[in-house]
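Student: Could we go through this one by asking where each label comes from? I'd like to see the reasoning and not just the verdicts.

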Amino acid sequence: MSDISGDVSVPEVGMSDEDFAHRPTVLREGTFEGKVVLVSGGGSGIGRATAILLGRLGARLVLCGRDPGKLESAAACLTRLGADVSTHPMSIRSPDAVEALFAEVVDRHGGIDVLVNNAGGQFAQATIDIKPKGWNAVVDTNLNGTFYMMQAGARHWREVARPGCIVNVVAAIWRGMPQVAHTCAARAGVVFLSKTVATEWAPLNIRVNCVAPGTIRTEGFGNYPREALASFSQANPMLRTGSAWDIAEAIAYLGSDAAGFITGETLNVDGGSQNWGDPWFLGRPEYFELNYAEARLPTHLKEQAR
Ligand SMILES: CCCCCCCCC/C=C/C(=O)SCCNC(=O)CCNC(=O)[C@H](O)C(C)(C)COP(=O)(O)OP(=O)(O)OC[C@H]1O[C@@H](n2cnc3c(N)ncnc32)[C@H](O)[C@@H]1OP(=O)(O)O
Ligand SMILES: NC(=O)C1=CN([C@@H]2O[C@H](COP(=O)(O)OP(=O)(O)OC[C@H]3O[C@@H](n4cnc5c(N)ncnc54)[C@H](OP(=O)(O)O)[C@@H]3O)[C@@H](O)[C@H]2O)C=CC1
């Protein structure tokens, strides 16, 4: 593992609720007036920022996640901002819990207009060492859980003959994701599931899109070692991490009527990580150190490289 010296900057985690409550947005006040928006994983990070932005734009919010304390804390913030909000502790990994969630929400709010599938996560491990239980846990959360939520949404909209909109939070997976292969595979599954049902569900007036974040400063960074965090700000040509707000605005755009002719699309919000830079979730292995690669060059090329 590389030795990260003290002068490599490790990104500060997160913006505060206060920042989210006041940060200017290009989206018009009232954009989500009269709309009910369900945000999974709405108690923290990107989900929480999204809920606050949509609440400011007039949405009624439904937040789900496993930890009731996180949901309550987000709901208290939204209530202070004047938003109507309900919280539903559950796991998206249980199809029964997903069905019960939709029944509760329809009962409480009369229906759903926009579904934001943001809940997800993984742990960093070399692929060669991942155990079946760990692989299954990550795929079950990120792919299966998202599928249960999408299908429940579509069934709801078919039943009540209302238009629907789904925004799935995935990741910038396009060059593979060493040290988190399970999540890369699961997110690729969600992208192509989304492209597929964007076509199947168009006759139901349902749009389905994804947002692919690059490295975004959130509470989620707490799951990675310092060496990983240092690499996160070097994972794109802008040489910095993004904020939860960057992702919230993309979700709000795709969830709004401004994106009414967009379906089956994935919007990358990644500072250009598709093109250059690598996040290393456990730290950069020696083999990939830039000066190590230079050390292997023939002498005449080393001189040219200087
Ligand atoms: C190119 C540009 C790209 C750009 C893209 C860049 C992305 C940048 C950074 C991304 C950041 C984020 O996503 S931030 C969001 C992060 N948030 C999270 O990741 C949430 C934290 N993670 C989790 O909750 C867990 O990892 C997860 C498995 C998903 C939850 O499931 P469960 O609660 O069921 O899991 P557990 O019971 O904890 O564990 C189940 C099994 O998983 C395995 N397991 C779990 N944790 C483990 C660990 N740390 N190390 C090894 N193995 C582990 C073990 O086998 C466990 O079984 P036993 O052996 O029996 O215990
Ligand atoms: N931050 C980043 O750099 C990137 C993040 N992403 C993805 O964006 C999404 C949000 O992450 P972020 O805000 O950064 O990190 P967080 O860890 O703050 O968010 C993850 C959220 O998902 C919820 N969650 C996890 N598992 C389940 C489950 N089984 N059922 C219901 N809710 C669940 C968590 O709530 P609880 O613990 O209460 O269940 C939590 O609120 C995730 O899918 C993440 O992987 C993708 C690329 C980059």
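Tutor: Sure, and let's start with handedness: a crossing counts as right-handed if the near helix is turned clockwise from the far one by less than a right angle, and as left-handed if anticlockwise. By that rule, H2 passes H8 in a right-handed crossing. Bear in mind that this is a predicted model.

Student: How confident is the predictor in the protein, going by the mean pLDDT?

Tutor: The mean pLDDT of the protein is 93, and 91% of its residues reach 70 or more. Residues 1-8 are another matter, with pLDDT below 50. That stretch has 12 contacts in the model beyond near neighbours in sequence. Where pLDDT is low, the predicted coordinates should not be read in detail. For the complex, the predictor gives an ipTM of 0.97 and a pTM of 0.94.

Student: Back to the helices, then. What makes H2 oblique to H8?

Tutor: The axes of H2 and helix H8 (residues 244-255) come within 8 Å and cross at roughly 55 degrees. Angles under 35 degrees count as roughly parallel and 65 to 115 as roughly perpendicular. The 55 degrees of this pair fits neither class, so H2 is oblique to H8.

Student: Which residues of H2 and H8 meet there?

Tutor: From H2 you have Gly45, Ile46, Ala49, Thr50, Leu53 and Leu54, and from H8 Ala244, Trp245, Ile247, Ala248, Glu249, Ile251 and Ala252. By class, this contact has 10 nonpolar, two polar and one charged residues.

Student: And why is H2 called roughly parallel to H3?

Tutor: H2 and helix H3 (residues 68-80) pack at an angle of about 20 degrees, with their axes 10 Å apart. The cut-off for roughly parallel is under 35 degrees, so H2 counts as roughly parallel to H3. Their crossing is right-handed. Arg48, Ala51, Ile52 and Gly55 of H2 make the contact with Ala74, Cys77 and Leu78 of H3. The classes here are five nonpolar, one polar and one charged.

Student: What about H4 and H5: why are they oblique to each other?

Tutor: Helix H4 (residues 95-109) packs with H5 at about 40 degrees, and the axes are 10 Å apart. Roughly parallel needs an angle under 35 degrees, and roughly perpendicular begins at 65, so H4 and H5 are oblique to each other. The crossing of H4 and H5 is right-handed. On the H4 side are Pro95, Val98, Glu99, Phe102 and Val106, which meet Tyr148, Met149, Ala152 and His156 in H5. That contact divides into seven nonpolar, one polar and one charged.

Student: Now the ligands. How do you know that a residue belongs to the shell around ligand 2?

Tutor: The test is a C-beta atom, placed from the backbone, within 6 Å of the molecule. For ligand 2, 28 residues surround it, the closest being Gly41, Gly45, Arg66, Gly120 and Gly220. H2 (45-56) and H5 (132-160) each supply at least two residues of this shell, and H2 gives the largest share, three residues.

Student: How does that shell divide by class?

Tutor: It has seven nonpolar, 16 polar and five charged residues. Gly is counted as polar in this scheme.

Student: Which residues come nearest to ligand 1?

Tutor: Of the 22 residues around ligand 1, the nearest are Gly121, Phe123, Gly134, Ala137 and Gly220. Its shell divides into eight nonpolar, 11 polar and three charged.

Definitions and conventions
Residues are numbered from 1 along each chain as its sequence is written. Chains are lettered from A and ligands numbered from 1 in the order in which they are written. This is a predicted model: local features need pLDDT of at least 70, side-chain atom pairs count only at pLDDT 80 or more; totals for chains, interfaces and linings use all residues. Helices (H or I, at least four residues) and strands (E, at least two) are DSSP runs, numbered from the N terminus. pLDDT is the predictor's confidence in each residue, from 0 to 100. Two residues are in contact if their C-beta atoms, placed from the backbone, lie within 7 Å. Axes are lines fitted to C-alpha atoms, for helices over the stretch in contact, and angles run from 0 to 180 degrees between N-to-C directions. Angles under 35 degrees count as roughly parallel, over 145 as roughly antiparallel, 65 to 115 as roughly perpendicular and the rest as oblique.
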